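Trainee: Before we start, I would like to go through this model with you and ask, at each step, what justifies the words we use for it.

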Amino acid sequence: MEVATRIYAINLDRSTDRWHALSQQGKEHHLELVRVPGIDGTQIPPTNRVDFDELAFRRNNGRTILPGEYGCYRSHLKALAAFLESGEPLGIIVEDDIQLQPDLVDRVEAAFNALAGADVIKLFNHRVVWFKRSVRTALGDEIGRAAHGPLGSAACYAVTRAGAAKLSTALLQMEYPWDIALERGWANKTAVYASKQNLTTVRRQGSTIASRSVYKGTKFPWWRRLGTYARRTAETLRRINFALQARHH
């Protein structure tokens with residue numbers, strides 16, 4: 001019997017309201033959810049952070065890390081591990097502020113059927129600019145790569161077993177926030193694609209990581225970010241090349 005694609009939902013123990021809302025959606029839409037207890041980065045002292053390259057993070061991002069970002073990163077690795085342990089061929093990873101759509105699984109499976117060789121497909125993005133389409137799925141979604149980024153958000157993406165194994169190894173050490181690290185297929189040697197149209201939405205709730213003002217407060221002065229600007233320029237060129245190399249069917 002064919003195994004239905006399951007949704008692995010990251011949820012902090014303190015966010016009981018979010019899990020209640022998400023699990024209710026799953027029941028209403030007949031989607032199978034697996035709760036992945038999130039890691040609360042605020043409860044982990046900086047000296048206890050594992051597999052975190054602080055110097056690389058500062059160089060790459062031009063700021064210090066937020067505790068919630070560390071927890072988010074480890075939580076996504078935990079979700080990938082849970083998916084790999086299941087033995088299933090395809091999984092969907094979501095954060096708990098996602099608004100699930102009843103046709104999400106069908107559209108994900110159609111996307112991977114249309115694009116052989118894809119390891120990861122991002123299903124929700126804040127922005128998609130200079131998009132190069134690889135395929136249009138049987139359900140009408142456009143899948144490809146964007147030459148301008150970052151796309152923003154790792155709130156919802158689908159991954160194959162091969163893709164999860166690659167990400168779990170290549171991204172074990174944290175040097176970027178998870179959403180940025182995920183889409184750097186040119187660096188993590190993973191065939192990462194994105195849907196031009198968001199396959200789901202995000203409920204408007206406060207971030208469990210930090211507010212915009214807190215993010216802004218972590219940034220270094222402009223003169224300390226000159227090296228970061230140079231790295232971002234190089235990343236832009238790599239991203240463009242990666243987009244141009246996207247498979248076309």
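Trainee: Which residue in E7 does Val129 stand opposite?

Mentor: This is a predicted model, and in it Val129 stands opposite His148 in E7.

Trainee: What makes strand E6 and strand E7 a pair?

Mentor: Pairing requires at least two bridges between the strands, and six bridges join E6 (residues 129-136) to E7 (residues 142-148), so the two count as paired, running antiparallel. Their hairpin has five residues between the strands, and Gly140 takes a positive phi near 95° there.

Trainee: Why is H2 called roughly perpendicular to H9?

Mentor: The axes of helix H2 (residues 54-61) and helix H9 (residues 226-244) cross at roughly 75° and come within 6 Å. Because angles of 65 to 115 degrees count as roughly perpendicular, H2 is given that description relative to H9.

Trainee: Which residues meet where H2 and H9 are in contact?

Mentor: From H2 there are Arg58, Arg59, Asn60 and Asn61, which meet Thr228, Arg231 and Arg232 in H9. By class, this contact has four charged and three polar residues, with no nonpolar ones.

Trainee: Why does Arg63 count as buried?

Mentor: Arg63 lies in the loop between H2 and helix H3 (67-86). Its relative accessibility is 10%, and since buried means under 20%, Arg63 counts as buried.

Trainee: How do you know that the side chain of Arg63 makes a polar contact with the side chain of Glu69?

Mentor: The distance is 2.5 Å, set against a cut-off of within 3.5 Å for a pair of N or O atoms. Leaving aside neighbours within four places in sequence, Arg63 is also in contact with residues including Phe57, Pro177 and Tyr215.

Definitions and conventions
Residues are numbered from 1 along each chain as its sequence is written. This is a predicted model: local features need pLDDT of at least 70, side-chain atom pairs count only at pLDDT 80 or more; totals for chains, interfaces and linings use all residues. Side-chain values use heavy atoms; hydrogens and water are left out. Helices (H or I, at least four residues) and strands (E, at least two) are DSSP runs, numbered from the N terminus. Axes are lines fitted to C-alpha atoms, for helices over the stretch in contact, and angles run from 0 to 180 degrees between N-to-C directions. Angles under 35 degrees count as roughly parallel, over 145 as roughly antiparallel, 65 to 115 as roughly perpendicular and the rest as oblique. Contact means heavy atoms within 4.5 Å. Ala, Val, Leu, Ile, Met, Phe, Trp, Tyr, Cys and Pro count as nonpolar, Asp, Glu, Lys and Arg as charged, and the others, Gly among them, as polar. Buried means under 20% relative accessible area, exposed over 50%, partly exposed in between (1.4 Å probe, protein chains only). A polar contact is a pair of N or O atoms within 3.5 Å; within protein, one must be able to donate a hydrogen and the other to accept it, and residues adjacent in sequence count only if both atoms are side-chain atoms.
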